[in-house]
Amino acid sequence: MKTSEDVRKLCEEKQIRMIDFKMTDLNGRWRHLTIPVERFDDDIFVYGIGFDGSNYGYAPIEKSDMVFIPDPDTATVDPFAEIPTLTMCGNVCTIGEDKNLPFDQYPRNVALKAVEYMQEEQIADRMVIGPEFEFYLLDHVSYSVTPQKCSYSIDTRQAEWNSGIDNGQNNGYQVPYQGGYHAAAPQDVGYNLRSKMCMLLEEWGVKVKYHHHEVGGPGQMEIEVELGDMVEMADKTMIVKYVLKNAAAAEGRTVTFMPKPIHKEAGNGMHVHMLLMKDGAPIFYDKDGYSGLSHTAHYFIGGLLKHIASLCAFTNPSTNSFKRLVPGYEAPVTIGYATSNRSAVIRIPAYAKKPEAKRFELRNPDATANPYYAYSAILMAGLDGIKNKIDPRQHGWGPFDCNLYSLSSEEQKKIQSLPRSMGEALEALENDHDYLTAGGVFPQRLIDIWLEKKKKELQEIEQIPSPSEFKYYYDL
């Protein structure tokens, strides 16, 4: 654990001139404020930095003044600041008469509370996760939503639609439609930039497992990181998005984690691998269980599948999320689990054979999620499954050791499906959230404000005419 003295030494060593504090709003975006290094002292770790929390999207409280308490363990040099700058994330508290109290709606506090609840219930000591980050690297994006115009345009030189450009500069190395998986140079024009991104992540303390070109021909990429504790990985999810976006912008390009930015191409997911540890030992492993999974692991899966519809309100919280969750693009659409089966919403990797590596991945989440809320909701659903011994096999949720996409329409009707829209997911959350509020992890006011905000967002988007509607209906 770093101390304030460690932070001061780091400032001296790196000749830091500014201290930057990064805070997370309701949606999962970083916001920040900065002070000169001369204003930095030990009191900041006790009394914090004051700010108006009402602008961050959280439910109103009696007094909107809050304080940000930085976490010295997160201190690092921001590689994108021109002036030498040390940056930290941390926690937010409300201001009390005698002492500051953790603000229960703040995303990082929710995640800390979820882990604390798991430990208090004596189910496990650690929730270990590993997200996979899929994104598109583009050369250009523009969009317009006005009363007389609704449009967007994206481009990247490697896209197949650019193969016919005859300007004397086309080298013919475009990537075929849905043909980008592990594409090599010269088609993989983002390779060097991805390597730079990974080096920046390593310097920030995010350990990278590997990176490669993904299926989407017009610049879809993936960076997978090593597993870590849940709250730490939520912090690192924010770091990954920040680093990738800024590294691309520095080279005149742009990154999007939008789940379905390109019609008829592969979408961007954020698959989450997970396992639980207790007393230093994995509790998901049983050499005699299905695919090496213990009863506890099956109960955790059962909890996830029971609550998967309401979970989607936090793991897939955008209208665009459900344009990805459709058949034909390796995205899950059915409620079930299996080994090495990408058509199931929960997949057990066959290559993870060691006891300490035995895990499964939840395949529906995407990176429009606030990672603190999403990972916490996943944990709470799983804990509910363990506490109530929800066996997925008894509910007909698998294991499905077949390609669910290849089943006949009659067979597919027998299998439950994920929500088909954000509206369905929000309705599910409204009817099923007791597992989230257990132990006071998700305060009811947070659930209410999330539903209110997302319903308003959905209503606004649904009322905007789209170009597709002109295509189908304009001349009728």
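Q122 is exposed in this predicted model, with a relative accessible area of 59%; exposed means over 50% relative accessible area, buried means under 20%, and partly exposed lies in between, as computed with a 1.4 Å probe on protein chains only. Q122 lies in the loop between helix 3 (107-120) and strand 9 (126-138). Helices (H or I, at least four residues) and strands (E, at least two) are DSSP runs, numbered from the N terminus. The phi angle of Q122 is near 60 degrees, a positive value in a residue other than glycine. H182 likewise has a positive phi, near 60 degrees, and is not glycine. H182 is located in the loop between strand 11 and helix 4 and is partly exposed, its relative accessible area being 48%.

Residues are numbered from 1 along each chain as its sequence is written. The model is predicted, so that local features need pLDDT of at least 70 and side-chain atom pairs count only at pLDDT 80 or more, while totals for chains, interfaces and linings use all residues; side-chain values use heavy atoms, with hydrogens and water left out.

Two cis peptide bonds can be described next. The bond from A185 to P186 is cis, with omega near 10 degrees. P186 is placed in the loop between strand 11 (149-155) and helix 4 (191-203), and H182 is also found in the loop between strand 11 and helix 4. The bond from G398 to P399 is cis as well, with omega near 5 degrees. P399 belongs to the loop between helix 9 (371-387) and helix 10 (409-413).

The chain as a whole has 14 helices and 20 strands. Its radius of gyration is 23 Å, close to the 23 Å that the globule rule gives for 476 residues, so the chain is as compact as a globular protein of that length. The radius of gyration is taken over C-alpha atoms, and the globule rule is 2.2 Å times the number of residues to the power 0.38. The C-alpha trace spans about 65 × 60 × 50 Å along its principal axes. Of the 476 residues, 53% count as buried. Among contacts (heavy atoms within 4.5 Å) between residues at least 6 apart in sequence, 68% join residues at least 24 apart.

Two open sheets of the chain are described here, with strands taken to pair if DSSP finds at least two bridges between them. One open sheet has 4 strands in the order 2-1-6-5, with mixed pairing. Its edge strands are strand 2 (30-36) and strand 5 (76-77), each of which pairs on one side only. Strand 5 pairs with strand 6 (residues 85-88) in the antiparallel sense over 2 bridges. Within this part of the sheet, V77 stands opposite L86 in strand 6.

The other open sheet is formed by 4 strands in the order 3-4-7-8, and its pairing is antiparallel. Strand 3 (49-52) and strand 8 (101-102) are the edge strands, each pairing on one side only. Strand 3 is joined to strand 4 (residues 65-70) by antiparallel pairing over 4 bridges. The bridge partner of I49 in strand 4 is F68. Helix 3 packs on this sheet, where it touches strand 7 (90-94) and strand 8, and its direction makes about 100 degrees with that of strand 7. Axes are lines fitted to C-alpha atoms, for helices over the stretch in contact, and angles run from 0 to 180 degrees between N-to-C directions.

An unreviewed UniProt entry carries the annotation "binding site" for E132, E134, E214, E222, H271 and E361. UniProt positions are given in the numbering used here, feature names are shortened, and annotations may be inferred rather than shown by experiment. E222 is found in strand 13 (residues 220-225) and counts as buried because its relative accessibility is 3%. Apart from neighbours within four places in sequence, the contacts of E222 include E132, E134 and E214, each of which is also covered by the annotation. F133, F135, Y210, H211 and H212 are also in contact with E222.

E361 lies in strand 20 (residues 360-362) and counts as buried at 1% relative accessibility. Beyond neighbours within four places in sequence, E361 is in contact with E132, H271, V272, H273, V345, I346 and R347. Among these residues, E132 and H271 are covered by the annotation from the record. The side chains of E361 and H273 are joined by a polar contact of 3.4 Å. A polar contact is a pair of N or O atoms within 3.5 Å; within protein, one must be able to donate a hydrogen and the other to accept it, and residues adjacent in sequence count only if both atoms are side-chain atoms.
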